[in-house]
Amino acid sequence: MSFERKNIEQMSGYSYGEQPEDEGVIKLNTNENPYASSPHVQDALVNFLTKNLRRYPPALANGFRQVAADLHQVDLSNIIATRGGDELLRLLFTTFADSGETIAVTDPTYSLYPVLAKIQDAKIFSIALQADWSLSPDFAETANRAGAKMTFVVNPHAPSGKLVEADQIRRLADQLDSILLVDEAYVDFVDPGKSYGCLDLVNSHSNVIFLRSMSKGYGLAGLRFGYGIGHSSLIEPMLTKTRDSYNLDAISQELARVALLDQDYAKECWGKVRESRTNLRASLIKRGFEVPASEANFLLATVPDSGLSAETIYEGLKSRQILVRFFNVPGMNNKLRITVGTEAENTRLLSALDSVVNPST
Ligand SMILES: *Cc1c(COP(=O)(O)O)cnc(C)c1O
């Protein structure tokens, strides 16, 4: 006999990208930053005094929140700090989705959303993207008709890297009857020349919240730190009611604060990733892959029709100590999602790719 709730018994958990212990593996499968966080973060960790762990940490992470509020030019009441962006997602479900209620998402989307919906016994309503990965023109209307309580849009989109521009996000915020979560986990890698900034919506629209993560842009996936920027009426119940007491430890609050303060360093890394992204995309296209332009730190490469399957290439790369992501689901199983690495890593990827595809050379 099982003591699990019925919906828990029937669900499966999130499937992680492989996390090998072996340092020799080139890891281009989970969209981590190829560059370490700011040297100031290392200094802050070295200088952190363990006697400060005697006390509970700042409950609301106000030191971090204030830096985030200043950076994004919003009020403190518009910011919540969370244990990774993932905790923010869980708080959204706990706070706003009753069992049986509907969450509208794009198809494909971030695979954690359906897992969190199952935990909450909420329903997922998937709305197909168009062939070029853009949102369909009637996306908001479709979500409204489905009675969505929340609508989640990943921007730039994962796994394609396609950007939804600011004016379209603004229209969604106007048109949707639901909460609009814009999941900006990869926004740091967007070309600064592109139009995407619309954080001011959190002042004018009571249904809008953005997710940010320190995992990708700031090279701190191991720290588990993220935050939400939202209308104060959405932030407030999560901050004061549904959040775990002391959800963030004192060390991570300090390291995340220092990382966010060093914008110059972070921007330098984002620039390098963008440059490598351009180079890697061109090299893959030259090899016959179809690769849409990406504004994130990964590329979604469709393998050439005439050659080896995506799964075979994935396995071949893996046997050469290079991990990329292969999704064995309909519509995705002829594609590989490849995280942009350092120039050296990308060069190793390309020569391994050549030897998989053309073993005789
Ligand atoms: C990585 C990611 C997040 C948040 O990840 P955390 O490591 O928990 O901050 C959220 N959404 C998407 C689409 C992501 O890829």
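Modeller: Helices (H or I, at least four residues) and strands (E, at least two) are DSSP runs, numbered from the N terminus. The model is predicted: local features need pLDDT of at least 70, side-chain atom pairs count only at pLDDT 80 or more, and totals for chains, interfaces and linings use all residues. Residues are numbered from 1 along each chain as its sequence is written, and side-chain values use heavy atoms, leaving out hydrogens and water.

Biologist: Which element gives the most to the shell around the ligand?

Modeller: The protein has 13 helices and 11 strands. Among them, strand S7 (208–213) and helix H4 (84–96) each supply at least two residues of the shell. With three residues, the top contributor is H4.

Biologist: How many residues surround the ligand?

Modeller: A residue is near the ligand if one of its heavy atoms lies within 4 Å. Asp183, Tyr186, Ser213, Ser215 and Lys216 are the closest. The full count is 13.

Biologist: What distance separates an oxygen atom of the ligand from an N or O atom in the side chain of serine 213?

Modeller: A polar contact here is a pair of N or O atoms within 3.5 Å. Polar side-chain atoms of lysine 216 and arginine 224 lie 2.9 Å and 2.7 Å, respectively, from a ligand oxygen. For serine 213, the distance is 2.6 Å.

Biologist: What percentage of the area that the ligand exposes alone does the protein bury?

Modeller: Accessible area comes from the Shrake-Rupley method with a 1.4 Å probe. Taken alone, the ligand exposes 380 Å². Of that, the protein buries 93%.

Notes. Polar contact = N/O pair within 3.5 Å; in protein donor to acceptor, adjacent residues only side chain to side chain.
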